[in-house]
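Hi,

Here is the structure I promised to pass on. Have a look at it first, and my notes come right after.

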Amino acid sequence: MTEHAITGTTQLVGLIGWPVSHSRSPRMHNAAFAALGLDWAYVPLPAPPDRVPQAVRGLVALGFRGANVTVPHKQTVMAQLDVLTPAARAAGAVNTITVRADGTLCGDTTDGRGFLADLREQCVTPRRALLLGSGGAARSVAYALAETGVDVLVAARSVAKATDLCEALADQLPPRAGRITAHGLPRNLRACSTDADLVVNATSLGLHADDPLPWDPNVPIRPNQVVYDLVYTHTTPLMSLAARQGARAIGGLGMLVHQGALALTQWTGLEAPIGVMRAAIED
Ligand code: NDP
């Protein structure tokens, strides 16, 4: 890890979550600051759920330049912020806070744009995406895909939650956005997957070794489909299944790097060193 002396002038950003000790974000951002020659540091900011308002307002009081937000605070921080970007409003979640020069707090989510940036880097240009799950990450990804004109089929075990997600996003999307529709799982999986060129797992299934598959193995994955799993820690059983059936499988590490890179650019105004950030996180 690169050495960096913290001085009286070091600019601070951090990660608000509970817990945060497992996070790779400090390593990724501190490597980027070192590569850019910035006297900045990224620190963990563990905040128990009953202290979230104080933690967020404390960023201003302590002179922080911003923060990332992770589970379980991505929604609860919103009430403390002065301004939300359209993406954050649509996603109903914030993963990046910027402290502006006048001391006001701006909340954004870079998850969806980070996902799109990784798709571009991987030369994947979908027209119709099947998105599994209806949680926070699904919402960010659905908005980002639909905003760029991709038709999105949101499929979840609770069709009511999928419908809520689609209705909330439909109100926020620009006029030429892709169509976004809700479907129930597992019943509609086969029909939904037929014309999808991209399958995205945005459920939390695959994170733990004993998780069931988020996919019915009797439904084929076609070689011309790309399967993108948001889980970024390892090759998931869904990715392995896709690869066995001749499809391309991509894990969520690139999305993690790009969502971090977009946050870093918001705080510093500088282009993020993507390669350095990726190497730091893979290390
Ligand atoms: P949420 O808890 O908000 O959503 C989880 C989703 O998974 C919900 O739709 C939930 O359904 C569904 N789910 C959970 N268990 C099951 C099950 N047994 N069967 C079917 N569906 C299930 O989590 P997030 O949206 O924040 O995160 C989802 C995943 O994305 C995580 O693995 C996370 O690590 C990853 N992620 C990756 C990022 C990256 O940069 N690569 C960024 C953000 C997230 P229900 O609502 O019915 O419970």
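Below is what I found, starting with the whole chain and then turning to the ligand.

First, some housekeeping: this is a predicted model, in which local features need pLDDT of at least 70 and side-chain atom pairs count only at pLDDT 80 or more, while totals for chains, interfaces and linings use all residues. Residues are numbered from 1 along each chain as its sequence is written, and side-chain values use heavy atoms, with hydrogens and water left out.

The chain has 10 helices and 12 strands (DSSP runs numbered from the N terminus: H or I of at least four residues for helices, E of at least two for strands). Its radius of gyration, taken over C-alpha atoms, is 19 Å, close to the 19 Å from the globule rule (2.2 Å times the number of residues to the power 0.38) for 283 residues, so the chain is as compact as a globular protein of that length. Of the 283 residues, 49% are buried, meaning under 20% relative accessible area with a 1.4 Å probe, protein chains only.

Now to the ligand. It is surrounded by 20 residues (each with a heavy atom within 4 Å of it), and the closest are Ser134, Ala137, Arg157, Lys161 and Leu230. Helix 5 (136-147) and helix 9 (253-268) each supply at least two residues of this shell.

Three polar contacts (N or O atoms within 3.5 Å) reach ligand oxygen atoms: a polar side-chain atom of Arg157 at 2.9 Å, and a backbone N or O atom of Gly135 at 3.2 Å and of Leu256 at 3.3 Å.

Best wishes

How values were computed. Polar contact = N/O pair within 3.5 Å; in protein donor to acceptor, adjacent residues only side chain to side chain. Buried < 20%, exposed > 50% of the residue type's maximum accessible area, 1.4 Å probe, protein only.
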